[in-house]
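Subject: Structure handover

Hello,

Here is the structure we spoke about. My notes on it follow below.

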Amino acid sequence: MDITVRTETKADIDAIDALISAAFQTAEHSSGTEQQIVRALRNSGQLTVSLVAETGGGIVGHVAASPVTVSDGTSGWYGIGPVAVLPAWQGRGIGSQLMKRCLEALRTLDAGGCVLLGSPDYYRRFGFHPQPGLTLPGVPAEYFMALPFQTPIPQGAVSYDSAFSVSP
């Protein structure tokens, strides 16, 4: 299987929306707004990293990263998500390729680190762990994880961009 991971282009936007919608359609913890979040981040200039995975000329995966705010004033931290792979293509390592490339892109930006909300069983393989003192209010600590690229690790509450508050 030949997968290419690259930065999104304007021509990819409709395919990305459809892909994200399909990927989260039956997800247990989906808000149903994931594609709207990515669109709102893009429209507000906050979509720092937007990578697609393609094979055979079709887009089969996408990952997004955007700046987050930490209540202690630390800057240079990003939130990863959503990460989406078409259901028929899941379990083939595409999500892992997208995550690795996203982390590389954030390191290139000299980010302090990144956070995400998701399955500990999946995201620990990339080095993500809950960090004492770094929280996402209203979310169980084991599902909110961070990967610091630099020290010290921020201490405080994390806020995502307002795009993450879109309504279905």
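Strand 5 gives the largest share of the lining of the largest pocket, 6 residues. Strands (E, at least two residues) and helices (H or I, at least four) are DSSP runs, numbered from the N terminus. A pocket is an open set of points on a 1 Å grid over the protein atoms alone, where a 1.4 Å probe fits, with protein on both sides within 12 Å along at least five of seven lines; lining residues have an atom within 4 Å of a point.

Two notes on the source. This is a predicted model: local features need pLDDT of at least 70, side-chain atom pairs count only at pLDDT 80 or more, and totals for chains, interfaces and linings use all residues. Residues are numbered from 1 along each chain as its sequence is written, and side-chain values use heavy atoms, with hydrogens and water left out.

Back to the pocket. In total, 37 residues line it. Phe 24, Val 83, Leu 117, Gly 118 and Tyr 123 lie nearest its centre. Helix 1, helix 2, strand 5, helix 3, strand 6 and helix 4 (120–123) each give two or more residues to the lining.

Next, the core. The largest nonpolar core (buried Ala, Val, Leu, Ile, Met, Phe, Trp, Tyr and Cys residues joined through side-chain atoms within 4.5 Å; buried means under 20% relative accessible area, 1.4 Å probe, protein chains only) has 26 residues. Ile 80, Leu 106 and Phe 128 have the most contacts inside it. Helix 3 gives the most to this core, with 6 residues. Another core, of 14 residues, lies apart from it, and includes Val 38 and Leu 47.

Best wishes

How values were computed
Buried < 20%, exposed > 50% of the residue type's maximum accessible area, 1.4 Å probe, protein only.
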